[in-house]
Structure formats: structure tokens, C-alpha cells
Amino acid sequence: MTDFEGKQLLIVDDDATFTRILARAMKRRNLEVAVAHSAEEAEEMLDQLTPDLATVDLKMENASGLTLLPALKACNPEMQILVLTGYASITTAVEAIKLGATNYLPKPADADEILAALGNQQPDPDIEVAQQPMSVNRLEWEHIQKVLAEHEGNVSATARALGMHRRTLQRKLAKRPVKR
């Protein structure tokens, strides 16, 4: 794990309990911490601060955390950004990396896992490949996320492309993804 002592960390997450606990844990590790509860609030904060590190929740109340990534990179091109999410999918992970995220981590994650992910900037060719293929439900979730990304988040267009009713798709999107 990289030593981040004295670095400034921006935590962007709409879960007040999670941000409070994470901020306290990071302060104990000698990081300067700023917290924003939305992508919009974080963007406004970038006028006054230039963080070295950021954790960004993917799915928040208003704008997605992905919308914030270009502004973070514009603020500090060297910033290490970790996208955290309880709604992990291959498609969103790829998009996050394309938009400038350093790494991507599914929730729940503790402070040590977050710092390890922020410090891990080199790809690992020896990463373990899952022994079991994804379940049918997980494959369905991944496919829906891929088609949704292809249609730029437009639920109606995605439903048409998948040949399903829009409300059915909305119900599927509202559910948490299956683990594997």
C-alpha cells in the first residue's frame, strides 16, 4: 500500500453514514479529508480545493459519479480516483477507467482496501481468474448494463433494444445486481 500521509482526499458519496465512517478512518491515517454528498456539490468544491485522491460513488441520488470524473481529472490530472459502487458491472468499470478513474471497487470496502486500490496503479497480469462462470442472472445484469451504456443511459431506448417493456427494465435496474 502506498503512503498517502498528508494527501488530500475527496470523498463523494450520498450515503451520509458511509462518508462519516470513511472520513474518520482516513483522518486516522493522516489524510486531509473533504466530503461531498453529490457530484454537483463535489464539482462546486473543486473551485476551492485540489485533492490528490478521490473516492466517488457510482450511483447517487442525482448525477452518476461517472459524470464527475472529467472534472476531477481537469482539476488535477495526477489525481488518483477510485470509483466505489454497490452496483458493480463490467460496463461501468470500463467506462470509469476510460473517464480517468485509477481503479474501481465494489462495496462494501473498508479504508485499507480503498487505500490499496488507490495505490495500485499497475495492472496485474497474475490476477486470479474466477473458477466458476457467472450465473445466468449476473450475465443478464451485465448485458443490460452494456446495452444501457450503448444507449447513453436512455432506459426507453435500452428497453426497445432488449425487446422488453420499459417498466420491466426499470424494475430490473432498481434491484441490486446478483453477486456472481
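Trainee: What does the accessible surface of the protein come to, and what share of it belongs to carbon and sulfur atoms?

Mentor: About 10500 Å², with 50% of that belonging to carbon and sulfur atoms. Keep in mind that this is a predicted model.

Trainee: OK. And what percentage of the residues count as buried?

Mentor: 42% of the 180 residues.

Trainee: Switching to the fold, how many helices and strands does the protein have?

Mentor: Eight helices and five strands. Going from the N terminus, the order is β-α-β-α-β-α-β-α-β-α-α-α-α.

Trainee: What about contacts between residues at least 6 apart in sequence, what share join residues at least 24 apart?

Mentor: That share is 63%.

Trainee: Let's pick a helix. How far apart are the end C-alpha atoms of α6, and what should the span be?

Mentor: The ends sit 21 Å apart. Helix α6 covers residues 136-150, which is 15 residues, so at 1.5 Å a residue the expected span is 21 Å too, and the two agree. The span counts one less than the number of residues, which is why 15 residues give that figure.

Trainee: Which residues of α6 are buried?

Mentor: R138, W141, E142, I144, Q145, V147 and L148.

Trainee: And what do those buried residues pack against?

Mentor: Three other helices are their partners: α4 (90-98), α7 (155-162) and α8 (166-174).

Trainee: What comes after α6 that has a positive phi?

Mentor: That's E152, with phi near 50°.

Trainee: Back to Q145 for a sec. Why is it called buried?

Mentor: Its relative accessible area is 10%, and buried means under 20%, so Q145 qualifies.

Trainee: Which residues does Q145 touch, leaving out those up to four places away in sequence?

Mentor: S89, T91, T92 and L173.

Trainee: New topic: how many salt bridges are there?

Mentor: The count comes to three. One of them joins D112 and R29, whose closest N and O atoms are 3.0 Å apart. That pair links distant parts of the chain, with the two positions 83 residues apart.

Trainee: Where do D112 and R29 sit?

Mentor: D112 is in helix α5 (residues 111-119), while R29 is in the loop between α1 (16-28) and β2 (32-36).

Trainee: Are those two buried or exposed?

Mentor: In between. D112 is partly exposed at 38% relative accessible area, and R29 is partly exposed at 29%.

Trainee: Which salt bridge involves α6?

Mentor: The one between E140 and K172, with the closest N and O atoms 2.9 Å apart. E140 belongs to helix α6 and K172 to helix α8, 32 residues apart, so here too the pair links distant parts of the chain. E140 is partly exposed, with 34% relative accessible area, and K172 is partly exposed as well, with 26%.

Trainee: And which residue does E95 pair with?

Mentor: K98, at 3.7 Å from N to O. Both lie in helix α4, three residues apart, which means about one helical turn separates them.

Trainee: Why does a spacing of three or four places matter in a helix?

Mentor: An α-helix has 3.6 residues a turn, so residues at that spacing point the same way.

Trainee: How exposed are E95 and K98?

Mentor: E95 is partly exposed, with a relative accessible area of 29%. K98 counts as exposed, at 63% relative accessibility.

Key. Residues numbered from 1 in each chain as written. Predicted model: local features only at pLDDT ≥ 70, side-chain atom pairs only at ≥ 80, totals over all residues. Heavy atoms only, no water. Helix = DSSP H or I, 4+ residues; strand = E, 2+ residues; numbered from the N terminus. Buried < 20%, exposed > 50% of the residue type's maximum accessible area, 1.4 Å probe, protein only. Contact = heavy atoms within 4.5 Å. Salt bridge = Lys/Arg side-chain N within 4 Å of Asp/Glu carboxyl O. Areas by Shrake-Rupley, 256 points an atom, 1.4 Å probe, with all protein chains shown as cover.
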